Amino acid sequence: MTGSKRRSTALLLCQDQHQNPSSIRTGKNVKLLKKLNKKSDGDHKKPNNPRKPRTALSLLIDSNVVLPMAKVYYQNKAGVSLKKGRITRDGILCDCCLNSFGLTAFETHAGSTNHRPAAFIMLDDGSGRSLSDCHKQVDGSSTNFKKVSKVQINGQYNSSCGSESPDHVCSVCGDGEELIVCQQCPAAFHLKCVGLKQVPKGLWFCPSCCCGICGNGVEGCCATCRQCDRKFHSICLKMKTKSSEYWKNCQVNWFCSQSCENIFSGLENLSGNPIPISVDLSWTLLRSNNGDSDHDDKKKLSAALDVMHECFETSKDFYTGRDVAKDVIFGRESKLKRVDFKGFYTVILEEKGDVATVATVRVHDGKVAELPLAATRFSHRRRGMCRMLVDELEKQLRELRVERLVLPAVPSALETWTKLGFSKMTDEDKSSLLLNYTLLHFQGTIMCQKLLKTTHSPC
Ligand SMILES: [Zn+2]
Ligand SMILES: [Zn+2]
Ligand SMILES: [Zn+2]
Ligand SMILES: [Zn+2]
Ligand SMILES: [Zn+2]
């Protein structure tokens with residue numbers, strides 16, 4: 001072992017946590033949200049009035065997106081057709097009773113209470129398009145569907161708000177104040193943090209809720225990559241692949257690329273199998289999941305959490321009081337991407353069966369993996385355990401052809417990470433990364449990255 005390897009690579013947040021337990025806070029202030037434009041909110045939910053000169057449907061017909069008398073059906077969440085009908089300018093002409101219904105009324109007539117008629121009324125032309133998809137094709141004149149949400153923050157944040165309420169801090173920088181809220185999910189952002197100069201006039205979707213092909217917002221049923229979590233319009237996928245074999249609605253195990261599929265299966269194959277490093281040392285990758293992991297895995301994950309708790313005085317989220325380390329290790333899921341820890345793996349280095357070092361890793365796609373928490377037990381420090389674990393992990397990430405590994409380093413651990421080959425990201429790099437990827441990061445930490453050269457194995 002080289003001299004440098006003998007140096008302490010025991011990390012990181014712990015020292016700072018003892019001095020300043022608040023540094024893990026993911027925001028600065030506790031404040032309350034208030035939705036501003038209630039009016040546009042209300043308008044949006046009102047059923048479409050078929051006597052209005054321009055209805056949602058007449059707009060689609062006038063824009064040549066659908067043909068008059070085109071067949072449609074209302075499908076439930078399982079994709080089963082509940083009612084069939086035809087599109088007219090005045091509404092949907094029901095096959096069963098020949099009455100004309102507005103979209104909301106047709107949804108009710110179909111016996112559904114989803115309150116998302118456009119997302120569940122599908123064109124019966126084999127295209128897999130919903131009326132929502134059709135709306136996307138209509139140009140900027142589709143004022144009927146426009147809605148801007150904006151939250152103003154003041155007073156006390158009401159902690160009883162469920163995960164469906166708009167977020168109270170910016171998903172990019174973690175601060176509060178004036179935020180714009182996504183049309184589709186609870187994520188909120190500063191205008192400047194998403195590169196906007198003013199509140200957009202139309203519907204606004206956050207980067208995570210935009211189609212990976214056309215960049216427009218995605219509503220309702222869509223294709224979501226199991227690995228990178230990117231969303232795609234089914235119509236865009238169909239046009240891209242130019243074949244009849246395109247993605248079908250609500251398919252669970254779908255991947256947007258070969259790279260995403262390889263990463264997913266590569267990690268699954270690694271998961272749960274201890275890999276020996278030496279006679280006494282081995283490391284294991286475990287999927288962070290409380291639901292279906294077996295008893296031994298759960299015991300190891302609990303031991304990993306104990307190490308985190310030993311090293312970090314507190315890892316509680318300032319707003320929710322939730323234990324972030326626990327949520328990451330047990331893969332807590334949320335509709336709010338900032339606190340959705342789906343996809344995390346816990347990496348455990350064991351010496352003679354004792355957990356020595358633990359880290360949490362999430363591979364987003366072929367470009368980015370993150371390593372937000374790493375800790376070595378006090379009793380195992382100053383022996384290069386962390387370096388060993390990071391080295392092993394990097395080897396695997398290279399095999400999976402992941403381009404870079406990023407992590408939030410507390411200032412006092414920066415030198416340690418620099419020795420492991422990480423370097424401070426520029427502000428520009430960091431903001432473009434945080435705009436495109438939802439990464440776990442903490443106030444007061446420095447975003448670092450390491451570029452991983454992929455090994456091109458001959459095959
Ligand atoms: Zn009917
Ligand atoms: Zn921000
Ligand atoms: Zn969103
Ligand atoms: Zn699209
Ligand atoms: Zn993907």
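This passage describes the overall make-up of a predicted protein model, its zinc site and the surroundings of one histidine. Because the model is predicted, local features need pLDDT of at least 70 and side-chain atom pairs count only at pLDDT 80 or more, whereas totals for chains, interfaces and linings use all residues. Residues are numbered from 1 along each chain as its sequence is written, ligands are numbered from 1 in the order in which they are written, and side-chain values use heavy atoms, with hydrogens and water left out.

The protein contains 14 helices and 19 strands (DSSP runs of H or I with at least four residues, and of E with at least two, numbered from the N terminus). Of its 459 residues, 51% count as buried (under 20% relative accessible area, with a 1.4 Å probe and protein chains only).

The zinc ion (ligand 3) has the protein donors Cys182 (SG), Cys185 (SG), Cys206 (SG) and Cys209 (SG), at 2.3 to 2.4 Å (donors are N, O and S atoms within 2.8 Å of the metal, or 3.2 Å for Na, K and Ca; water is not among the atoms). The donor residues follow the spacing C-x2-C-x20-C-x2-C. Cys182 lies in the loop between β8 (179–181) and β9 (188–189) and Cys206 in the loop between β9 and β10 (223–224), so this pair ties together parts 24 residues apart in sequence. Cys182 is buried at 4% relative accessibility, and Cys206 is buried at 1%.

His364 sits in the loop between β15 (354–363) and β16 (368–376). This histidine counts as buried because its relative accessibility is 11%. Residues touched by His364, leaving aside those up to four places away in sequence, include Gln227, Cys228 and Tyr437 (contact means heavy atoms within 4.5 Å).

Methods. Buried means under 20% relative accessible area, exposed over 50%, partly exposed in between (1.4 Å probe, protein chains only).
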